[in-house]
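Visitor: I would like a close look at a single part of this model, namely one ligand site together with the parts of the chain that enclose it. Please take me through it slowly and in one connected account.

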Amino acid sequence: MISQYFDSLISGIEAKIKEDPKAFHPRKKYTLEVARLGKRLYAREGPIASPMLQGPGALPTGPIALCGVTTPFDLLNAMGVTSCFVEFIGALLASSGTVAPFLEKAEHSGYASDSCGYHRAVLGASQEGLMPHPDFLIATSCPCSGGLATMENLAHHYKKDLFLLHIPQDLSKKNVDYLARQIMEMETFVTRHTGRPLDPDRLLKVIEKTNQARELMVEIYHLAQHIPSPNSGKELGNFAIVMALLLGTDAAIDVTRAYRDEFAARLHAGSSGVPQERLRLMWIQNRIQFKNSIIPDLEKNYQASVIVDELNSMTWDPIDPHDPYVGFAERAISIPFNGGVERRVQHLKKLAQDYKIDGAINPCHWGCRQGTGARGLIEEGLKEIGVPVLNLEVDCVDTRNYAEGQLKTRLGAFFEMLHSRH
Amino acid sequence: MMDKTQKYIGWACTYTPLPLIEASGFTPYRLLPTTQAPDRSGHKLHDNLCPHIKKILDRALDNDLPPLAGIVFVNSCDAMHRLADAWNQVRPHDNTILIDLPIAPPVLQGPGALSTGPIAPPVLQGPGALSTGPIANDEKSVDFLSQEFSKLSQTLAEWSGETPTKAATQEGLSHYHEIYNLLDEIKNHHIKGTLNKGGAFMQDLYNQAATQSSTQTLESLKKCLASFQETPSLHKGIPLFLFGNVLPDPEAFSLFESCGAYIVADNLCTGFRQFAAYDKIPPGLNNDQDVFAFLARSLLMRTPCARTFDPQKPLYIADQLLAEARSYGVRGAIGHTVKFCDPYLARLPIIREVFKKAKMPLLLLEGDCTLRSMGQHRTRIEAFVEMLG
Ligand code: SF4
Ligand code: SF4
């Protein structure tokens, strides 16, 4: 079922490219690569007999891993493993409008409706046989305790081996070395499960591609800071967090280059992402993953554009190909969700200043103790630099209690206030 | 009751190495989530965090605390980390430290265990390569936590202005070992029913031991044992095992008893588990590094709460709790967790399933650290006890 969904998404986008390659928007390219990844993850729907995928009957996808958010996906790409963080599937289910029965399934099985919707969706989908079937799992302690618990449940459900990466809190040398060692052990764990040792030449090439995509992302973010911004509300939604899955591949370079070129062309032509941009907004944490009209509405009615997301920023240096484990470790530790809130608030303040932000929206995804748990502290921190925050009460995955009317009323009042300050 | 001569260090998570705090001349004071302070922390953080940390933050906001020379936080779960963040904001002049905690205990044996031999990927040779080869996973988490404890010890020394002597460290360790032994002895009388004082008495002892100096605790525990007269077993109720996260109010145990239950033993983070890491103090802890490593290992390896798990035995907590319940010969179990606690909430479905398969009756209760929330469950507890009667 899910595999067919991706097939039709892919063929639809490919047909459009054929029709008019020039009218091709980078977001379509992004969606195409997401769909291709989805297809690979679901290429063997239904239970499989053996985790070893060699010899006759082997599937083209190679081994599959379900992971935590801060796994080094480029290392897995170098090792021929198709992988994703599990919340990616939760978001896919929400965006395809199919999430509700999975949430219900999880809740009926005793998973609290108070927990993160991404995780409930994934646990429900695994019980319905609609998660990609992993050969092994890799959990990461960052970003959240809920994610760790989900991975433990999935490993138990699939009866597959689980590897654990403990992501320490700050970038001290001791912490980086500690995580780098764990990542080396992860590599051994993966080799043991795939039967394929890491090819050092392939790793070098993968790192080169990671670094190229990184440079392009830096350019994209830099271009998006212009006034008016070439970016608009939906174009970079979920961008950096999903690009992490494609790092080390040509797809990451293609997608990032398409965005870079498109933004540069818009600036050159003097056009902006949102016509007559008036208000520049920052989106905190996750996007609302299911279809909703909030962003188009605020663009149309208030000329307000979400030009930066919290996670769309470069927090890591290029990976040194001769010392990659240290680079992978530093990258995982550097994400804004790791460490104390003070660090996260500093990060948000810097983004707000770099992008000359008028206001921020925090959806306050229900069930997220990690990110939403700090709602009050974030609001106070941004207030110090004069950036008001609108805290919504949404479950970014669960459509069932979504009350768009109420949200729009609150957004309206917030934008009136922002307009009056302008 | 607070002792004005003591210098208190606040702590909130049972992975805090209490002997190190004592060795630096401080009294470890557990920030229990029991307070009449108004409910304001949800506004600072978010209402979706567990009442355990919200009530502690309410105490901080309301100054419902003794004077504290510092607070030791542990990064045991998202909620605990958010508590540390919020504390720094609401009481910016307090000394605080956050200890990072590995997820897995150092037990990686059996099928599927990682090889402990050196791994030398070709890209990691030459200049810039890590200085030492990877250490066995078995030691990695202990090594990491030992270094965190070393940092803690230095920080405590800065706060107190004195470096702990070897004798003070040995005393801290031996006091907590003795507390373990005495509490264990009293607990065993309670399990047999010969203590005859009820669960509230036990919980009161745990609360005292968590909030006063080890010297005071030893004194009161010894007094308790000296005045103890073995009575014939007077189990007054259906014997049950209680597990979960926090339930510090002694009255909650009286409530169980008034419903006809006898809580034989518990696995709660406000119960005996707080002292379970000090069961053995090996001889020959000759230097600080040995002490840190010992504390790291024994804390990571003591009966875990839901936030710690071995990736090689996913959801083993369910089997472990069942085995523990059975070991006490109880007729059923009660799982009590506070709302919004991800570590427990995500493991309850499997716990329920394992208990059901094993035909061990289980009642799950959700609370908010107040007696009021327990009171709301009275009818369910009575019905459960009646069913087992
Ligand atoms: S939204 Fe929060 S709880 Fe959910 S996966 Fe993300 S960090 Fe974890
Ligand atoms: S383990 Fe549960 S009860 Fe304890 S602090 Fe974390 S969320 Fe709260």
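**Around ligand 1, and outward from it**

Guide: In this predicted model, A:Asn238 sits in the loop that runs between H9 and H10 of chain A, and its phi is near 65 degrees, a positive value in a residue other than glycine. That loop, between helix H9 (200-224) and helix H10 (239-246) of chain A, also holds A:Pro228, and the peptide bond that leads from A:Ile227 into A:Pro228 is cis, with omega near -10 degrees. A second cis bond takes us to the ligand site itself: the peptide bond from A:Cys142 to A:Pro143 is cis, with omega near 10 degrees, and A:Pro143 belongs to the loop between strand E3 (136-140) and helix H7 (145-158) of chain A.

A:Pro143 is one of the residues that surround ligand 1, and the others in that shell are A:Glu87, A:Cys116, A:Tyr118, A:His119, A:Cys144, A:Gln285, A:Asn286, A:His365 and A:Cys368. Sorted by class, the shell around ligand 1 comprises 5 nonpolar residues, 4 polar and 1 charged. The domain assignment divides chain A into domain 1 (2-198) and domain 2 (201-421), and because both of these domains give residues to the shell, ligand 1 lies between them.

The surroundings of ligand 1 are therefore best read together with the boundary between the two domains, since both contribute to its shell. Taken over C-alpha atoms, the centres of domain 1 and domain 2 of chain A are separated by 22 Å. Across the boundary, 54 residues of domain 1 of chain A are in contact with 56 residues of domain 2 of chain A, and the area buried between the two is about 4,400 Å², of which carbon and sulfur atoms give 65%. Three residues, A:Tyr30, A:Asp74 and A:Tyr118, supply 15% of the area that domain 1 of chain A buries against domain 2 of chain A, which is more than any other three residues supply. One of these, A:Tyr118, has already appeared in the shell around ligand 1.

A:Asp74 has a further part in this boundary, for its side chain meets that of A:Arg331 in a salt bridge, at 2.7 Å from N to O. Between domain 1 and domain 2 of chain A the count is 5 salt bridges, and the rule also finds 22 residue pairs in polar contact across this interface. On the domain 1 side, the elements of chain A that give two or more residues to the surface touching domain 2 are helix H2 (26-41), helix H3 (73-78), strand E2 (82-85), helix H4 (86-95), helix H5 (100-108), helix H6 (117-127) and helix H8 (173-194). By class, that side of domain 1 has 32 nonpolar, 12 polar and 10 charged residues.

Helix H2 of chain A also takes part in another salt bridge, which A:Glu14 forms with A:Arg36, the closest N and O atoms being 2.8 Å apart. Because A:Glu14 lies in helix H1 (residues 2-19) of chain A and A:Arg36 in helix H2, this pair ties together parts that are 22 residues apart in sequence. Over all chains, the structure holds 42 salt bridges.

To set the site in context, it helps to turn to chain B. There, ligand 2 has around it B:Cys50, B:His52, B:Ile53, B:Cys77, B:Ala79, B:Met80, B:Asn245, B:Val338 and B:Cys341, a shell with 7 nonpolar, 2 polar and no charged residues. Helix H3 (51-61) and helix H4 (78-90) of chain B each supply at least two residues of that shell.

Chain B and chain A also meet one another: 55 residues of chain B are in contact with 63 residues of chain A, and the area buried between them is about 5,100 Å², with carbon and sulfur atoms giving 59% of it. The rule finds 5 salt bridges across this interface, and B:Glu148 forms a salt bridge with A:Lys174 whose closest N and O atoms are 2.8 Å apart. It is H4 of chain B that gives the most to the side of chain B touching chain A, with 6 residues, and by class that side has 30 nonpolar, 13 polar and 12 charged residues.

Technical notes:
Residues are numbered from 1 along each chain as its sequence is written. Chains are lettered from A and ligands numbered from 1 in the order in which they are written. This is a predicted model: local features need pLDDT of at least 70, side-chain atom pairs count only at pLDDT 80 or more; totals for chains, interfaces and linings use all residues. Side-chain values use heavy atoms; hydrogens and water are left out. A residue is near a molecule or strand if one of its heavy atoms lies within 4 Å of it. Helices (H or I, at least four residues) and strands (E, at least two) are DSSP runs, numbered from the N terminus. Ala, Val, Leu, Ile, Met, Phe, Trp, Tyr, Cys and Pro count as nonpolar, Asp, Glu, Lys and Arg as charged, and the others, Gly among them, as polar. Contact means heavy atoms within 4.5 Å. Buried area is the accessible area (1.4 Å probe) that two parts lose on being put together, summed over both. A salt bridge is a side-chain nitrogen of Lys or Arg within 4 Å of a carboxyl oxygen of Asp or Glu. Domain bounds come from an automatic or database domain assignment. A polar contact is a pair of N or O atoms within 3.5 Å; within protein, one must be able to donate a hydrogen and the other to accept it, and residues adjacent in sequence count only if both atoms are side-chain atoms.
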